[in-house]
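Hello,

Here is the structure I promised to pass on to you. Have a look at it first, and my notes follow below.

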Amino acid sequence: MKKIIIVGAGFSGSIIARKIAEEFDIKVTVIERRKHIGGNAYDEYDENGILIQKYGPHFLNTNNYKVIKFLKNYSELFRYDVKLLSFIDGNYVRLPFNFRTMQQLVGDENSVPLLKALRTEFAGRDRVPIFELLNSKNENIRNYGELLFEKAYRTYTSKQWGIPPEQIDKSVLERVPMAMNFDERYLNKDFQYLPQNGFTKLFENMLDHKNIDVELDSDAFEHISFDEKNSIIKYDGENVDLLVFTGAIDELFSLKYGRLPYRSLDIQYEYFNEEKVLPCEIISYPQADGYTRKTEYKQFTYEMKKCDKTVVATEYPLEYDPTDPKANIPYYPVLTEESQETYKKYLDEAKKYGNIFLCGRLAEFKYYNMDICIEHALEKFEEIKEKLK
Ligand SMILES: Cc1cc2nc3c(=O)[nH]c(=O)nc-3n(C[C@H](O)[C@H](O)[C@H](O)COP(=O)(O)OP(=O)(O)OC[C@H]3O[C@@H](n4cnc5c(N)ncnc54)[C@H](O)[C@@H]3O)c2cc1C
């Protein structure tokens, strides 16, 4: 009998639990601190029957069909191309910024030479990070890049990350592109979906296996201890053969190299006796005071549009603080040179044990989307397989 402990019931932990349970026919225990499964992708119905994603809006999008094929084992999926608008200078403009946004911001006449320059410089590319516009040799393109940067990007990024854009890792800043066409979709991946009955149902199906025990409302740190001298992990005093950890790695090692920085979100809800209040499902507010986005969840599910009530969630980014109930969830790792140096120390600490597998956004301290988490969890399982043989 092997003792296998998986910490976290989000995508990373749930996928690995399922794969081990199914392919090795051995028992695994999933420990989850929250009162529910699903990690940050968890959703639940509110009193009006509207499906709310409690930790912010989530959309599946990937170019890797393997991810979709895997998820279809646990839920039907429906195609969904999410749309976003940004509220700038009192007007709604499309996000990501596309050629239409440009015409709105600079006027039709000025857009003519700019369109020509962009089409020439970025020929054959659908989306280009705004940073590339800022570094263009063409003055017209550079000026437009600066306009976007100042009007939308600098303020949004500073609010989101709590530090100036210059200090943030390039990989994060590259996530904000401009569409080199009139494409109105927020994301432009080959496969864009939502689960038919929500994410939580998908997780329920994934974790529904005779070999998986899920313990909710249970903090793994109250059970795990380390015998550092002999490189042994213990769970309630018993030796652990395999620990899959998907939480915050600095917390696993009692912050011995210092706290890693994370951003949190205070999500506030407003209820309306109206059918619909926002012009599309998500609005970004780069110029607003304190908040970054508003989401009207009802607009995700077409059948709900007839309901005469609605709810809007507003995201206020905050520094992660485990002692503050408004900011005690580490949503986003803050990637700076310094934080990545500290992360490496924790990684080396984990390697000393030989049987700790780190997986997911928090444990790997990377800004992963769900598709990447799913790919990684499947890859990590291949490594775990070798260990369990
Ligand atoms: C606001 C927001 C919007 C997003 N939108 C999208 C999107 O549209 N598309 C997309 O692809 N991705 C999106 N993401 C990213 C997505 O949420 C993550 O990629 C994914 O949920 C990470 O899964 P995970 O299993 O690695 O981590 P998590 O979902 O964070 O799961 C980790 C779990 O471990 C548990 N845990 C931690 N420590 C302990 C402990 N000591 N004991 C017990 N349990 C513990 C936590 O409670 C948590 O449930 C978004 C993220 C945020 C924050």
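For the ligand surroundings, a residue counts as near a molecule if its C-beta atom, placed from the backbone, lies within 6 Å of it. By that rule, 33 residues surround the ligand, and the closest are Gly8, Gly10, Gly39, Gly56 and Gly360. Two elements give two or more residues each to this shell: α1 (11–24) and α11 (370–388), where helices are DSSP runs (H or I, at least four residues) numbered from the N terminus.

Before you go further, please keep in mind that this is a predicted model: local features need pLDDT of at least 70, side-chain atom pairs count only at pLDDT 80 or more, and totals for chains, interfaces and linings use all residues. Numbering starts from 1 along each chain as its sequence is written.

Now the interior. The largest nonpolar core (buried Ala, Val, Leu, Ile, Met, Phe, Trp, Tyr and Cys residues joined through C-beta atoms within 7 Å) has 67 residues, and Ile6, Ile16, Ala17, Val30, Leu207 and Val244 have the most contacts inside it. A second, separate core of 24 residues includes Leu85, Val176, Met178 and Ile283. Buried means that 20 or more other C-beta atoms lie within 10 Å of a residue's own.

Helix α6 (residues 139–161) is worth a look too: it bends by about 50° at phenylalanine 149, the bend being the angle between axes fitted to the seven residues ending there and the seven starting there. Among its buried residues are Leu148, Tyr153 and Trp161. After α6 comes glycine 162, with a positive phi near 75°.

Enjoy exploring!

How values were computed. Buried ≥ 20, exposed ≤ 12 C-beta atoms within 10 Å, placed from the backbone.
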